[in-house]
Amino acid sequence: MTTDLAGSPVLRPRPPVGSVADAAEALAGAQHYDVDVVRKDFPLLARTVHGGKPLVYLDNAATSQKPTAVLDAEREYYERHNANVHRGIHVLAEEATAMYEGARTKVAAFIGAATPQEVVFTKNASEAINLVAYAMGNAGASGPRAGRFRLGPGDEVVITEMEHHSNIVPWQLLCERTGATLKWFGLTDEGRLDLIDGVITDRTKIVCVVHQSNILGTVNPVADMVARAKAVGALVLLDGCQSVPHMGIDVADLGVDFLAFSGHKMCGPTGVGALWGRGDLLAAMPPFLGGGEMIETVTMERSTFAAPPHRFEAGTPMIAQAVGLGAAVDYLTDLGMDAVAAHERALTAHALDVLGTVPGLRIIGPPTPIGRGGAISFAVEDLHPHDVGQVLDELGIAVRVGHHCARPVCQRYGVPATTRASFHLYSTQREVDALGEGLLRVKAFFRL
Amino acid sequence: MNLESMYQDIILDHYRNPHHSGLREPFDAEVHHVNPTCGDEVTLRVRVDGERIEDVSYESTGCSISQAAASVLTDLVVGQELSDALSIHERFLEMMHSQGRGEPDEDVLEDAVAFVGVSRYPARIKCALLPWMAWKDATAQALAQKGVHS
């Protein structure tokens, strides 16, 4: 995909996903995917830790590393074009605006949005979800157009037990503010959604679900959830934090109403995320934060508001970070998301095999590479994950330990926390093997 | 390997065979403290008789460091005069903030001196402090109930 500086979209036509031909093409793509070449784009991956040990970075579900192209884009923006956006009649202001809006166009094309105006930049995915929750909370005091978003006693919000806290707490708070009821789908022993009837009812106003679980790795059946929600006229918000960086996403194919995701997990900078929303919905949604940029006219008594996306971007936005995210999207697009997904699928299968050879290790989540992504949680006998992670760190292996902001999942599976290894487009089979060997060292250290 | 400085045998021994564990009656105050980032949890009870710590009992889930810290804590404070226990607590805190440079007094801190290695790992200091924070909170509540101000 290409864009000019002013951000005119040149949207690539996308083939339908999921066909046998696509799978074959993806596998063919993987054969041309040279991960050692890819790794050279990421300066940080070359560093060593703890006295010369090569870094094995397996904490990608927390955040990804950044390719040089992203670092260069941010630096070039500050060195050559820095100005505030959407104001000022001078060269720099126009360039900065074009770069910021150009990034929006890139992100829109990357996820298959109908127009760039459907993409709202937020500081992160949590803010994107809160944006929808607070807009719904504000709908009660808004005009008739906002009726679709109004919530009150008797209405229901549906989430799932495998959500990240950022897709639980905003809805708990919204229900407390409005008197609506929070309901959720539970989990099966295998780490999948228990899609029973009766959770989504004709009182359901919105269904909020994670695409790929950050703790279990489960990829959820979005089409099924969308069908259930649409049957009762409910909206669907998809948390794409762990899917947008790892697979080709097309919001039109998915059929959801909102998609929230973060920039820093997809090789972009921290401080920028996005909310995609269907154009007609964003147009009817009341604002979330008030301030500069988001208004149409202001008098001392009242204000009217700008059209989306600017209605939801109060104040000076994260310009440099958005430009960096645009560069990340270019980078991912050049690699090809199908190739990235195929690489990670092979890596996940290998990791499940390797972890299966560690005696006393229990996978928490789907045990096969079917319908799951490359975030793998596990328990090593009854060792606490902190202790596991500490010994791995000493070996140069970075994993995440804790409840991964998904405490209800830990409770569901009877563990205080998990150890999680998570992969990205630059992860290698060597690194997975190092993890397997590291876990044997962990067991030896604690004399298990 | 630096790990041995953190996971000294004393710590691993307390972790495998914790002292004074389990919740006991009678007690004057019970608290539940959590470490929200890692999921460590401790429920801790304190019984105070006048100026003496009569008993500290606990149930906890967590890493070896937090489990061992609870065990060592009970060894140090059960049966102590309140003022002595608080002073031991101060010395322990001081050591945990020493970034590995502390030279703890074994006569005061006994097995707890093994935690000096943990103080070099910022992410783990809070593991070692979790039971101590719970104990201090429970003791303050017990004293408040009895109308004593520490």
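Helices and strands here are DSSP runs, with at least four residues for a helix (H or I) and at least two for a strand (E), numbered from the N terminus. The model is predicted.

**View 1. Chain B combines six helices with three strands.** Start at the N terminus of chain B and follow the order of elements: α-α-β-β-β-α-α-α-α. Two helices come before the strands, and four helices come after them. Along the principal axes, the C-alpha atoms of chain B fill a box of roughly 50 × 30 × 25 Å. The radius of gyration of chain B is 15 Å. A compact globule of 150 residues would have a value near 15 Å, so chain B agrees with that expectation.

**View 2. Chain B meets chain A.** On one side of this interface stand 24 residues of chain B. They are in contact with 19 residues of chain A. The size of an interface is often given as the accessible area lost when the parts come together. Chain B and chain A bury about 1700 Å² between them. Carbon and sulfur atoms give 51% of that area.

**View 3. Salt bridges and polar contacts join chain B to chain A.** Side chains of opposite charge can pair when their charged atoms come close. Three salt bridges are counted between chain B and chain A. A:R447 and B:D9 form a salt bridge, with their closest N and O atoms 3.2 Å apart. Nine residue pairs across the interface are in polar contact, both partners being at pLDDT 80 or more. Several elements of chain B give two or more residues to the side that touches chain A: α1 (3-6), α2 (9-16), β2 (40-49), α3 (64-77) and α6 (122-145). The largest share comes from α2(B), with four residues. By class, this side of chain B holds 12 nonpolar, six polar and six charged residues.

**View 4. Chain A is assigned two domains.** Domain 1 of chain A is made of two stretches, 2-60 and 336-445. Domain 2 of chain A covers 70-334. Taken over C-alpha atoms, the centres of the two domains are 25 Å apart. The contact between them involves 45 residues of domain 1 and 46 residues of domain 2. About 3500 Å² is buried between these domains of chain A. Of that area, 57% is on carbon and sulfur atoms.

**View 5. One salt bridge spans the two domains of chain A.** The side chains of A:D189 and A:R412 meet in this view, at 2.9 Å from N to O. The pair links distant parts of the chain, 223 residues apart. A:R412 lies in helix α13 of chain A. A:D189 sits in the loop between β6 (181-185) and β7 (204-210) of chain A. In the whole structure, a search over all chains finds 27 salt bridges.

**View 6. Polar contacts and helix α13(A) mark the domain boundary.** Between domain 1 and domain 2 of chain A, 21 residue pairs are in polar contact, both partners being at pLDDT 80 or more. On the domain 1 side, α11 (337-356), β14 (375-380), α13 (407-412) and β17 (418-422) of chain A each supply at least two residues. Helix α13(A) gives the most to this side, with five residues. The side of domain 1 that touches domain 2 divides into 24 nonpolar, 13 polar and eight charged residues.

Notes:
Residues numbered from 1 in each chain as written. Chains lettered and ligands numbered in written order. Predicted model: local features only at pLDDT ≥ 70, side-chain atom pairs only at ≥ 80, totals over all residues. Heavy atoms only, no water. Contact = heavy atoms within 4.5 Å. Buried area = accessible area lost by both parts, 1.4 Å probe. Salt bridge = Lys/Arg side-chain N within 4 Å of Asp/Glu carboxyl O. Polar contact = N/O pair within 3.5 Å; in protein donor to acceptor, adjacent residues only side chain to side chain. Nonpolar A, V, L, I, M, F, W, Y, C, P; charged D, E, K, R; others polar. Domains from an automatic or database assignment. Rg over C-alpha atoms; globule rule 2.2 N^0.38 Å.
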